[in-house]
Amino acid sequence: LRLLLRKRKFLLNLKKTIIFISFTIFLISCSSNIPTPNERKQTAINLYSNNKNIIQKDIQTSQFNLFSLQDIKMSCSNIKIFVEGDGLSWISRTTISSNPTPITPVGLKLMLNDNKNSWKIYLAGPCQYINSNMCEEKYWTSHRFNIKIIQSYDEALTNIKKDFPNSKFDLVGFSGGGAIVTLIATKRDDINSITTIAGNLDTDEWTKIQKITPLDGSLNPANFSKKLENIKQHHLVGTEDNVVLKEVFFSYLNKFEDKSNISYSFYEATHNCCWEDVYMKFR
């Protein structure tokens, strides 16, 4: 009997070892399949390379430099700003990415698919597509909506407006970019409208639902309802989105006493697919 128990224990340990090795190989394999930052940047370049009106420009601010693509039409009075999502923040639930440049730049696709006659500017997140001494991992994890990041976007819009002083901004944000555009709007008086797509609008509720560490170094858009209630907003919410669930949006919405400027619509979309098609129909 003792011998049988030893054999069973040996087989159990062997099974655990095989599972561990297999899982490790799986993670290594998955990691090796992730495109490099240069490959991810080339993906973005390929998306807009046929559009000769688009120029690439890095916008310098006192905190972060922001990668931007600009489709300029001099006659427009409104400037539409598209803010990218969080990008590749994590490789797995426990492994932080070394570079947040997105594999699929949904925010860029939204901008390229918007064919309205407006001046369009795409703004990537801090440390996406470009390097900086400020690029610490916390700025695409716990501090992804930090005051320094919002200040950088605010400065970027001010720099853009120097060339067009009479312009107002229409802000469009995907995923974490949805949080960014709402937080930008709290600092300015020249925001005409906000549109979010799968926006992370209540980060406290989001981390609670996903059972992950709170974003202690970040601002939460849901805490600024008073400053936002006078701005026209529309929010596109995915019914199949398992990353930013609809409950996150409703938690944000419920923070507003005056909801008259807020509208929203539901679409059968996941977090990453296929918002550019939905956005074309919506706008």
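Me: Is Cys 135 buried, partly exposed or exposed?
Reply: This is a predicted model, so the values here are computed from it. A residue counts as buried under 20% relative accessible area and as exposed over 50%. The relative accessibility of Cys 135 is 24%, and so Cys 135 counts as partly exposed.

Me: Which residue does a disulfide join to Cys 135, with S to S at 2.2 Å?
Reply: Two sulfur atoms count as a disulfide within 2.5 Å, and the pair in question has an S to S distance of 2.2 Å. The partner is buried, at a relative accessible area of 3%, whereas Cys 135 is partly exposed. The residue joined to Cys 135 is Cys 127.

Me: Is the link of Cys 127 and Cys 135 left-handed or right-handed?
Reply: The angle to look at is the one about the S-S bond, which is -110 degrees for Cys 127 and Cys 135. With that value, the link is left-handed.

Me: Which pattern do the disulfides of the protein chain follow?
Reply: The count comes to two disulfides. Beside the link of Cys 127 and Cys 135, there is one between Cys 273 and Cys 274, with sulfur atoms 1.8 Å apart. Cys 273 is partly exposed at 36%, and Cys 274 is partly exposed at 32%. Counting bonded cysteines along the chain, the pattern is 1-2, 3-4.

Me: In what order do the eight strands of the open sheet stand?
Reply: The protein chain has nine helices and eight strands. The open sheet has eight strands with mixed pairing, and its twist averages 20 degrees from one strand to the next. The order is β1-β2-β4-β3-β5-β6-β7-β8.

Me: Which strands stand at the edges of the sheet?
Reply: A strand at the edge has a single partner strand, so one side is left without a neighbour in the sheet. β8, for instance, pairs with β7 (residues 232-238) in the parallel sense over six bridges, and one of the facing pairs there is Gly 238 with Tyr 267. The strands at the edges are β1 (54-59) and β8.

Me: How many of the six residues of strand β3 are buried?
Reply: Strand β3 (residues 78-83) pairs in the parallel sense with β5 (residues 168-174) over six bridges, and Asn 78 stands opposite Lys 168 there. Five bridges join β3 to β4, also parallel, with Val 83 opposite Leu 123. β3 is mostly covered, and the number of its residues that are buried is five.

Me: Which helix packs on the sheet, touching β1, β2, β3, β4, β5 and β6?
Reply: There are two helices to weigh up here. α8 lies across β7 and β8, at about 170 degrees to β8. The other helix spans residues 106-113, and its direction makes about 170 degrees with that of β4. The helix touching β1 through β6 is α3.

Me: How many residues apart in sequence are Asp 71 and Lys 120, the pair that ties together strands β2 and β4?
Reply: Asp 71 and Lys 120 form a salt bridge, with their closest N and O atoms 3.7 Å apart. Asp 71 is buried at 5% relative accessibility, and Lys 120 is buried at 5% too. Asp 71 lies in β2 (residues 66-71) and Lys 120 in β4 (residues 119-123), so the parts tied together are separated in sequence by 49 residues.

Me: Which residue's side chain meets that of Asp 202 in a salt bridge?
Reply: The salt bridge has an N to O distance of 3.1 Å. The pair links distant parts of the chain, 53 residues apart: Asp 202 is in the loop between β6 (191-197) and α6 (203-210), and its partner is in the loop between α8 (246-253) and β8 (262-267). Asp 202 is buried at 2%, while the partner is partly exposed at 37%. That partner is Lys 255.

Me: Which residues are linked with Asp 154 in a network of salt bridges?
Reply: The structure holds eleven salt bridges, one of which brings Arg 188 and Asp 190 together at 2.9 Å, N to O. Arg 188 is buried at 16%, and Asp 190 is buried at 4%. Both belong to the network, and the residues linked with Asp 154 are Lys 161, Arg 188 and Asp 190.

Me: What share of the 283 residues of the protein chain counts as buried?
Reply: The accessible surface of the protein chain comes to about 14700 Å², of which 52% belongs to carbon and sulfur atoms. Among contacts with a separation of 6 or more, 72% are between residues 24 or more positions apart. Of the 283 residues, the buried share is 47%.

Technical notes. Residues numbered from 1 in each chain as written. Predicted model: local features only at pLDDT ≥ 70, side-chain atom pairs only at ≥ 80, totals over all residues. Heavy atoms only, no water. Buried < 20%, exposed > 50% of the residue type's maximum accessible area, 1.4 Å probe, protein only. Helix = DSSP H or I, 4+ residues; strand = E, 2+ residues; numbered from the N terminus. Contact = heavy atoms within 4.5 Å. Areas by Shrake-Rupley, 256 points an atom, 1.4 Å probe, with all protein chains shown as cover. Salt bridge = Lys/Arg side-chain N within 4 Å of Asp/Glu carboxyl O. Pairing = 2+ DSSP bridges. Axes fitted to C-alpha atoms, helices over the stretch in contact; angles between N-to-C directions.
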